[in-house]
Structures are given as structure tokens and as C-alpha cells.
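Me: Please take a close look at a single part of this structure, the lining of the second largest cavity. I should like to know what kinds of residue form the lining, and how the surrounding features are to be read.

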Amino acid sequence: MGSTTSRRRLLATASAGLIAPFAGRFMGTAWGADMPVVLTAGKRSIEVNGRAAAVFGISQPDGTSGLTTEVGTPFRVTLRNEAGVETLIHWHGLTPPYQQDGVPGVSAPAVAPGGTAHYDFPLTFPGTFWMHSHQGLQEQSLMSAPLIIRPRATSADRQEVVLMLHDFSFRAPEEIYAGLRGSQPAAAAMAMPGMSMPGMSMPGMAMGSGQVPKAGMADMKMDLNDVAYDAFLANDRTLADPQVIRVEPGGRILLRVINASATSGFHIDLGQTSARLVAVDGRPIEPLGGTVFPVATAQRLDLEFEMPAGQTALPVMAVLEGERKRTGIILATAGATVAKMSDMAEQATAPLDLMMEQSLRAVAPLSSKPADRTHTVDLTGAMEGYVWGLNGVEYGQDKPLMVASGQRVEMVMRNSTMMAHPMHLHGHAFQVAAIDGQRFSGAVRDTVLVPPMKSVTIAFDADNPGRWAFHCHNLYHMEAGMMTTVQYENL
């Protein structure tokens with residue numbers, strides 16, 4: 001046993017040294033309680049299908065992208081802005097004091113070019129998280145990085161691999177957004193709760209608690225993938241030149257998947273290799289087996305599996321929902337021949353749905369108690385005019401969702417639009433409590449997908465006083481107004 005563990009430790013160390021210079025250094029480095037880390041938000045260049053691209057990045061002084069630490073270590077970070085524009089970084093999935101959450105205009109002002117910001121708060125639970133800009137559309141230009149918090153006691157007999165996904169365009173995000181807003185007639189009105197939307201015939205449809213209109217769905221078509229991207233990246237690379245990660249024959253793998261895309265959902269496909277899904281959004285679940293796993297924008301998956309006996313190369317593919325386009329990485333044993341992979345799957349995938357979500361069960365669910373306060377949140381808007389909002393209004397015209405410390409709060413999110421919306425709550429973990437009004441004790445998360453004409457109820461304990469962003473994590477939906485705040489009384 002000791003010799004096997006030593007070999008695996010040696011392999012992991014050697015693998016990190018070989019891969020880091022060529023893969024954006026996604027392995028990360030840990031720091032001690034007495035060693036605050038400096039993160040730089042800056043500019044960098046990557047190659048996408050043979051063409052140079054100027055993007056952003058978040059790195060440590062040695063070039064390492066993101067951070068890896070362990071639970072119980074204080075999060076002591078200095079953010080230095082060398083991006084040439086204002087920025088501010090959000091620690092996605094963590095629960096800091098709200099002033100350190102990293103949302104301009106909600107928690108703190110943006111950091112000016114050349115300026116710094118300082119963070120110091122405890123890390124209370126391990127998991128797979130990430131960091132990204134909440135300033136404008138910078139997230140589309142790859143202003144993001146992994147944030148891995150390991151438990152104090154970790155298995156040395158397991159190799160960790162981070163797979164970070166992005167959707168990429170050579171166009172500026174502002175150009176993409178302008179095209180979305182201007183390519184359709186601008187006269188479309190925001191779809192109000194219970195009302196039909198432009199281009200839809202839905203007479204007589206009422207919206208009850210936890211329900212959305214069902215009639216006429218056969219005549220509706222789901223809007224999917226509203227941005228035409230030039231490429232999809234796995235650890236900054238495409239399948240024209242994928243990252244190859246060296247693993248041990250028969251070795252145990254913990255694959256940490258981070259969907260850092262701006263708008264895109266994926267199916268993680270391991271081919272014939274079976275894996276166990278053991279955590280979502282950094283929170284443990286009762287293990288769920290499978291070979292294909294959906295991951296919506298901003299969600300994370302922790303997958304455990306063994307390198308198949310006798311197999312020297314294992315492609316880990318991320319296939320775009322509703323299409324054949326894909327990206328991925330290759331796990332390969334030393335000396336293995338790695339075949340060239342097409343960036344097109346054999347067949348198109350289905351849109352993401354809630355089938356897996358209904359099967360997930362948290363290892364540490366919320367205590368059983370009734371809600372002290374319930375908010376109904378209608379997800380409204382349409383592709384026509386590209387107008388999005390919550391409860392029929394855009395951010396800036398909204399009213400905060402009020403809560404009080406100590407309350408059990410439920411939100412019933414009802415999607416009356418024909419696009420899916422990955423909804424993210426800052427500063428809290430929530431439990432999925434119902435789908436279409438059918439209650440169950442689901443996964444604990446920070447981001448949940450609400451597909452078209454579906455409702456999802458989440459529950460959380462109001463235990464982190466402040467003013468917190470609550471929004472769709474489709475970047476352009478949020479920019480168009482699909483955002484509000486959860487605000488504690490008596491602040």
C-alpha cells in the first residue's frame with residue numbers, strides 16, 4: 001500500500017510539473033495562515049485554434065491560475081488590478097461578509113486600474129468553487145479562475161484533476177451583447193407574470209403557486225444557445241490541441257468540473273467509463289452513478305472514477321447542450337498514444353433538464369422546518385428585443401427580496417420564458433426543495449437551473465446578514481436586467 005501511494009504522489013507531482021506551463025497552470029497552489037496571497041487580475045494571451053487571443057486572467061505571482069487551499073485556512077487575499085480597466089472579483093460559492101462578496105454596486109466599489117482590494121474571512125467548508133469578475137461583461141473574456149478548498153484530511157491515493165470550461169468568441173463581449181439587443185425588434189415588452197409573451201399564443205393560462213403555464217407548449221420552441229461562439233475551451237484549450245494529463249494505470253481520479261462559461265451548458269461525457277457524482281457546487285451528495293452528467297452555467301461537479309484497466313487514454317468530453325460541438329481533456333498513462341479528437345460529437349445532445357436534479361440528495365440537508373418567509377420570483381423576458389428581468393422588471397427598477405436573520409426562507413422561481421436560467425444566490429447555500437410544486441429533499445447548491453415552463457423552489461437559512469445579489473448566471477441575461485438583491489432587514 002505504501003509503495004502504491006508513493007508512486008501516485010510522485011505521478012501527481014510530476015504530472016503537475018509537466019502540465020502547468022502549457023495549460024494555464026490550473027493545478028493551483030496552497031498558502032498558509034501566515035502567508036497572504038496576492039492575486040492579480042490582468043491581461044494575457046492564449047491560442048485558440050491557431051489564432052492568438054487577448055483575454056483576461058486571475059493569477060498568483062508565479063503565474064498559477066486561481067487558488068488551492070484547505071478548509072480552516074483563513075482566506076487572506078490581496079487583489080491587484082493590472083487589467084487596465086475597473087474590475088472586482090466574486091468568490092463564487094463562498095459565504096464571506098457581504099462587503100467582501102465582490103459585486104460592484106452591491107457589496108463594494110470596483111477596483112480602479114492599478115488599485116488593490118483586501119479580503120480576510122474564514123473558509124468553513126471544502127469543495128470545488130471558482131472566482132470571476134462581476135464587472136460588466138469581463139467574465140466572457142475569461143476573467144475567472146478555479147478556487148479549490150480541500151478538506152484537512154485528503155486521500156493520498158487519489159489524483160485530482162480540474163476541468164474548467166469556457167465559451168469563447170473573438171468578438172468583444174460588448175459587440176455580442178449589442179448584437180443580441182439589436183438583432184431583434186426592440187419594441188418587445190417584458191413578459192409580465194401570468195401574461196403571454198411575444199410570438200406565443202397562450203390564452204387563459206393562469207400561474208398558481210409553484211406552477212407555470214402548460215397549455216400550448218406543443219407550439220412553442222425552446223430558445224437555446226443564443227450566442228454563436230467561435231470555440232469552447234477546456235483549461236484554455238480546444239480539441240485541436242487538448243490538454244493531456246498523465247495518470248496512473250488503474251488510478252483513482254477526482255475530477256473537479258467547473259462550468260465557467262458565460263452562457264453555455266454542457267453534458268460531461270466519459271464514454272464507457274462509469275463515474276460517481278459525489279458533490280455538486282462544492283456540497284456533498286449521496287453518490288450517483290453514470291457516464292454522462294449535465295452541468296449548467298456556473299455549476300460544478302465532483303466526479304470520482306478509476307482509470308479503466310487496460311485503457312491508456314480516456315477522453316473527458318464536454319458536449320454543448322442541444323448541439324454536437326464539444327471540447328475536453330485527455331487522461332493518459334505514461335507513454336500512451338493519444339488519438340486526435342474531433343470537436344464534433346457523433347450526435348447532438350438534448351437540452352439540459354432537471355432529471356438528474358430530481359435524483360440528487362444532500363449528505364447534509366437543511367433541518368426540517370417550515371418556511372418563515374416565501375418569495376415568489378417570476379423569471380420573465382423574451383429573445384425578442386432581448387429583454388430579461390425578474391417579476392417583470394429589470395434590475396434597477398426592482399424591489400429587494402427582504403429577509404430577516406434567523407428565518408427559513410423559500411423562493412419559488414417560475415420560468416415563463418422559453419430559455420433556461422441558471423439562478424445563483426450569493427452568500428448562502430440553498431437546498432432544492434421542490435420541482436413543479438412536488439417537494440423533495442434535494443441537493444444543497446448555490447446555482448440551480450430553471451428550464452422553460454418549469455418552477456423550482458429553493459430553501460435557505462438567513463444566517464449571513466447583508467445585501468446579496470440574486471441573478472441569472474447567463475451573463476447577457478444578467479446584463480439585460482435579470483437580477484435583484486436579497487436584503488436583510490435592519491441593516
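Reply: In what follows, Ala, Val, Leu, Ile, Met, Phe, Trp, Tyr, Cys and Pro are classed as nonpolar, Asp, Glu, Lys and Arg as charged, and the others, Gly among them, as polar. The model is predicted.

By these classes, the lining of the second largest cavity has 7 nonpolar, 1 polar and 3 charged residues. The nonpolar group consists of Pro294, Val295, Ala296, Leu352, Leu354, Met356 and Leu449. Gln299 is the polar residue, and Asp353, Glu357 and Arg445 are the charged ones. The space that they line amounts to about 90 Å³. Two elements, strand β16 (292–295) and helix α3 (355–359), each give two or more residues to this lining. Pro294 and Val295 fall within the range of β16, while Met356 and Glu357 fall within that of α3.

The loop between β16 and β17 (300–306) also deserves attention, for it holds Ala298. The phi of Ala298 is near 80 degrees, a positive value in a residue other than glycine. Most residues other than glycine have a negative phi. Ala298 has a relative accessibility of 0% and therefore counts as buried, the limit being under 20%.

A positive phi also occurs at Asp236, where the angle is near 75 degrees. Asp236 belongs to the loop between β10 (231–234) and β11 (244–246). Because its relative accessible area is 6%, Asp236 is buried.

For context, the model contains 6 cavities of 30 Å³ or more. The largest of them has a volume of about 150 Å³. Its lining comprises 17 residues, and those closest to its centre are Thr263, Glu321, Met419, Ala420 and Asn474. By class, this lining has 8 nonpolar, 6 polar and 3 charged residues.

A further buried position is Thr457, in strand β29 (residues 455–461). With a relative accessible area of 5%, Thr457 is buried. Leaving aside residues up to four places away in sequence, Thr457 touches Glu410, Met411 and Val412, the run from Gln431 through Val432 and Ala433 to Ala434, and also Arg439.

Notes
Residues are numbered from 1 along each chain as its sequence is written. This is a predicted model: local features need pLDDT of at least 70, side-chain atom pairs count only at pLDDT 80 or more; totals for chains, interfaces and linings use all residues. Side-chain values use heavy atoms; hydrogens and water are left out. On a 1 Å grid over the protein atoms alone, a cavity is a set of points where a 1.4 Å probe fits but cannot get out, and a pocket is an open set with protein on both sides within 12 Å along at least five of seven lines; lining residues have an atom within 4 Å of a point. Grid points are joined across faces, edges and corners, and a volume is the space filled by probe spheres set on the points. Helices (H or I, at least four residues) and strands (E, at least two) are DSSP runs, numbered from the N terminus. Buried means under 20% relative accessible area, exposed over 50%, partly exposed in between (1.4 Å probe, protein chains only). Contact means heavy atoms within 4.5 Å.
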